[in-house]
Amino acid sequence: SSDLFADDPSQPAQLRLSSEAVLLKGFALPDAEALLNDIAEITQRAPFRHMVTPGGKSMSVATTSCGDLGWVSDSRGYRYSRTDPQSDLPWPATPARWLDLAARAVQVSGLSSSGAPDACLINRYVPGARLSLHQDRNERDFGAPIISISLGLPAIFLWGGIQRADRTRTIPLEHGDVLLWGGVDRLRFHGVRPVAQGVASARDCRFNITMRKAD
């Protein structure tokens with residue numbers, strides 16, 4: 001039941017989900033096409049893949065990474081790796097424009113941060129793909145907020161509590177939205193409902209760029 005607010009018309013509309021979680025509506029729109037082009041370049045070197053959970057299930061979301069650390073999942077568990085397990089090469093570097101966008105988003109949100117992101121997960125959702133409720137807790141540094149950028153098809157984000165059984169809220173995310181959470185909200189459960197068919201910038205899927213400080 002939070003309200004959108006923008007005290008300064010020159011600033012993006014914000015939705016404060018809780019004390020240290022903020023949605024910046026359309027914040028990434030000026031950079032959206034460049035971000036999508038960056039994704040295309042990154043995935044030429046580190047292609048999307050459907051990782052397998054420790055329980056043996058293939059994820060419906062296709063993933064890849066860039067930055068110093070990439071997130072991986074297999075029978076050995078969830079973890080960060082400095083190399084792409086498919087190529088044994090370092091992950092592609094995070095584009096400078098992404099780090100600049102992250103820094104600007106943190107500044108506008110007013111959230112505190114212990115440093116710049118060193119890990120960036122890129123998710124691709126085709127219609128029907130989803131992400132079940134989970135916590136981002138594989139990182140060693142919880143002092144910086146998570147910065148999540150939505151591109152392409154809209155999605156319904158599930159925003160929960162510290163316990164998996166806590167009630168969830170549904171937050172619509174659209175092309176260009178940037179969602180940040182940290183501090184006391186850093187370990188909240190969250191997920192994405194199955195993405196619906198639609199048209200967004202002539203694309204038939206949703207991309208999500210999630211930057212964080214892992215080490």
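W71 is buried in this predicted model, at 14% relative accessibility. Y78 is partly exposed, with a relative accessible area of 42%. The count of aromatic pairs comes to five. W71 and Y78 form one such pair, and its geometry is stacked. The ring centres of W71 and Y78 lie 5.6 Å apart, with 15° between the planes. The W71–Y78 angle counts as stacked because it falls under the 30 degrees cut-off. The stacked pair thus joins a buried residue, W71, to a partly exposed one, Y78.

Ring pairs also link F157, W159 and W181 into a cluster. A further ring contact involves a charge. The charged end of R206 sits over the ring of Y125, 5.0 Å from the ring centre.

Y125 lies within strand 9, which spans residues 119-125. Strand 9 runs antiparallel to strand 4, and six bridges join the two. Within this pairing, S65 stands opposite L121 of strand 9. Strand 4 covers residues 62-67 and is mostly covered itself, with six of its six residues buried. Burial extends to both faces of strand 4. A62, T64 and C66 are buried on one side. T63, S65 and G67 are buried on the other.

Cysteines were examined next. A disulfide is a covalent bond between the sulfur atoms of two cysteines. A search of the whole structure finds zero disulfides. C66 is in none, and its nearest cysteine sulfur, that of C120, is 3.8 Å away. From the other end, the closest cysteine sulfur to that of C120 is in C66, and the 3.8 Å separation is too far for a bond. The C66–C120 pair is not a disulfide because the sulfur atoms would have to lie within 2.5 Å. Both cysteines are nevertheless buried: C66 has a relative accessible area of 0%, and C120 has 2%.

L23 belongs to strand 3, residues 21-24. At 1% relative accessibility, L23 is buried. Residues up to four places away in sequence aside, L23 touches A13, Q14 and L15. The remaining contacts of L23 are I171, P172, L173, D177, V178 and L179. L23 and S109 are 86 residues apart in sequence. In space, their C-alpha atoms are 8.2 Å apart.

Key: Residues numbered from 1 in each chain as written. Predicted model: local features only at pLDDT ≥ 70, side-chain atom pairs only at ≥ 80, totals over all residues. Heavy atoms only, no water. Phe/Tyr/Trp six-rings, centres within 6.5 Å; stacked < 30°, edge-to-face > 60°. Buried < 20%, exposed > 50% of the residue type's maximum accessible area, 1.4 Å probe, protein only. Lys NZ or Arg CZ within 6 Å of the ring centre and 35° of its normal. Helix = DSSP H or I, 4+ residues; strand = E, 2+ residues; numbered from the N terminus. Contact = heavy atoms within 4.5 Å. Pairing = 2+ DSSP bridges.
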